[in-house]
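Okay, thanks for coming, everyone. Let me put the structure up so we can walk through it together.

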Amino acid sequence: MYDVMSPKAEEFISDEEIRASLAYAEENKNNRELIEQILEKASKMEGLSHREAIVLLDCGLEDLNEQIYRLAEAIKQEFYGNRIVMFAPLYLSNYCINGCKYCPYHLKNKHIARKKLTQEEIIQEVTALQDMGHKRLALEAGEDPLHNPIEYILESIQTIYRIKHKNGAIRRVNVNIAATTVENYKKLKDAGIGTYILFQETYHKESYEKLHPTGPKSDYAYHTEAMDRAREAGIDDMGIGVLFGLNNYRYDFAGIIMHAEHMERYGGVGPHTISVPRVRRADDIDPDVFDNGISDDTFAKIVACLRIAVPYTGMIVSTRESRESRERVLKLGISQISGGSKTSVGGYAKEEEPEENSAQFDISDHRSLDEVVRWLMELGYVPSFCTACYREGRTGDRFMTLLKNRQIINCCHPNALMTLKEYLEDYASDETKEIGGRLILEELKKIPNQTVQKKAAEYIENIHLGKRDFRF
Ligand code: SF4
Ligand code: SF4
């Protein structure tokens, strides 16, 4: 039975409720009156229920689909403006005891080079990342209590926060590791992590069990209830995601919104971010076994409908997506992207020999961070390296208040411009610097609060003079 307040995975992600919602959406996909009503509600920018959102996803009326896209763009603009937060993944270890069928790190893959970074190697990787200009990382590691115990992850986080190379610093470490115990989540919280990220992959229990035949991850309930344990441990920035293409996308779309609803009602804090990866080609993975792949158009529609359904949640795409695909979804709701990424263990400090390939998946966007930053600015976006909220303790509820009161423009915008200025001074090519300099002058004028605008301009001048790390 469906119960958003239940602690049990099978009740807050009720299969029965998802099926009923999908059937309802199917029946109403050309119901103009209903879709218009939902759009009217959505235009208040306070979100939609999973059932309403799936009706929009399925909408078969051309003109209303256009309205859906325009509304997603308006919500994106209202809450996030033209800022795009930048981050990079850092792969610590590809040892893994799970049997995930879509991931080359699965235990039985014998062609992949297994690697685990030593603390010394982490210093090299992070130094390389700092020298590119990154300030925000997402740590990735397979599940392996022997090779990657929680102590290894904690020690690595400490090492990363300690490294200061030239003007570089990693100011926020997000962590994407396997579902674990409340006790371990407490340890992660004490280590000062930013967001705890865990992808559900698919919410469809039967498919989940087929895709995860062995290892601890095969326990659907333990995995699906992980965010509640993280919350119990005091973590209040949590990132969820599904791997689109593993299962029927409509099912997973409904599932992820139900998960967000559960987190907000049951744990008191909705997800900080939603990631929308798509299945990619990778070593020892046959993409033909996944017949649920989604087209670029469907992908764009998913992003737009998620933006409308959960306006307060940041949305992330990675370099799995091509430049063209990223360009399209940035407009529709994406607020964070990775740039200059390597998805192999040790990939930043040294170029790998092809035969030693240890990458998790193929990258579609191979551009450097400087190229991505320039490209974003040419499209009219402001690349942001901001980590201010985390460092000011504005997490969970406090962050949501900022967002819901629409104060982001007086806070995120100046922070974005100041961190972009740091990037331009320390790491950018001449061409990027020139475009960025002009952009900052223009964008400063958009800060409505005059006191903040003046202060931000002063800070930016100080950054030019060599000072660093200002924030609102
Ligand atoms: Fe391991 Fe994660 Fe890959 Fe599964 S998806 S095999 S848990 S690294
Ligand atoms: Fe994110 Fe907070 Fe910075 Fe805004 S001020 S970009 S919400 S960290």
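So, ligand 2: around it you'll find R136, C386, T387, A388, C389, R394, F399, C412 and N415. Keep in mind that this is a predicted model. If we sort that shell by class, we get five nonpolar, two polar and two charged residues. Two helices each give at least two residues to the shell: α16, residues 388–391, and α18, residues 412–426.

Now, where does ligand 2 sit? In the largest cavity. How do you look for a cavity in the first place? You roll a probe the size of a water molecule over the atoms, and that shows where empty space is left.

In this model there are three cavities of 30 Å³ or more, and the largest holds about 380 Å³ of space. Its lining is made up of 25 residues, and the ones closest to the centre are V85, R136, Q336, F399 and C412. You've already met R136, F399 and C412, since they're in the shell around ligand 2 too. By class, the lining comes out as 13 nonpolar, eight polar and four charged residues. The elements that each supply at least two lining residues are α5 (62–80), β1 (83–93), α16, α17 (396–404) and α18.

What about the second largest cavity? That one has about 50 Å³ of space. Lining it are R171, F385, C386, T387, A388, R391, T419, D469, F470 and R471, which split into four nonpolar, two polar and four charged residues. Notice C386, T387 and A388 in that list; they also turn up around ligand 2.

Okay, let's go back to R136, which belongs to strand β2. Why do we say β2 is largely enclosed by the rest of the structure? Because six of its six residues, 136–141, are buried. In a regular strand, the side chains alternate between the two faces of the sheet. Here, R136, A138 and E140 are buried on one side, and L137, L139 and A141 are buried on the other, so to speak, both faces are covered. The neighbour is β1: the two strands run parallel, joined by five bridges. If you want a spot to look at, P89 stands opposite A138 in β2.

Last stop, ligand 1. Which residues surround this one? They're C96, N98, C100, Y102, C103, Y105, H106, G142, K217 and Q360. By class, that's five nonpolar, four polar and one charged.

Okay, over to you for questions.

Notes:
Residues are numbered from 1 along each chain as its sequence is written. Chains are lettered from A and ligands numbered from 1 in the order in which they are written. This is a predicted model: local features need pLDDT of at least 70, side-chain atom pairs count only at pLDDT 80 or more; totals for chains, interfaces and linings use all residues. Side-chain values use heavy atoms; hydrogens and water are left out. A residue is near a molecule or strand if one of its heavy atoms lies within 4 Å of it. Ala, Val, Leu, Ile, Met, Phe, Trp, Tyr, Cys and Pro count as nonpolar, Asp, Glu, Lys and Arg as charged, and the others, Gly among them, as polar. On a 1 Å grid over the protein atoms alone, a cavity is a set of points where a 1.4 Å probe fits but cannot get out, and a pocket is an open set with protein on both sides within 12 Å along at least five of seven lines; lining residues have an atom within 4 Å of a point. A molecule sits in a cavity or pocket if more than half of its atoms lie within 2 Å of its grid points. Helices (H or I, at least four residues) and strands (E, at least two) are DSSP runs, numbered from the N terminus. Grid points are joined across faces, edges and corners, and a volume is the space filled by probe spheres set on the points. Buried means under 20% relative accessible area, exposed over 50%, partly exposed in between (1.4 Å probe, protein chains only). Two strands pair if DSSP finds at least two bridges between them.
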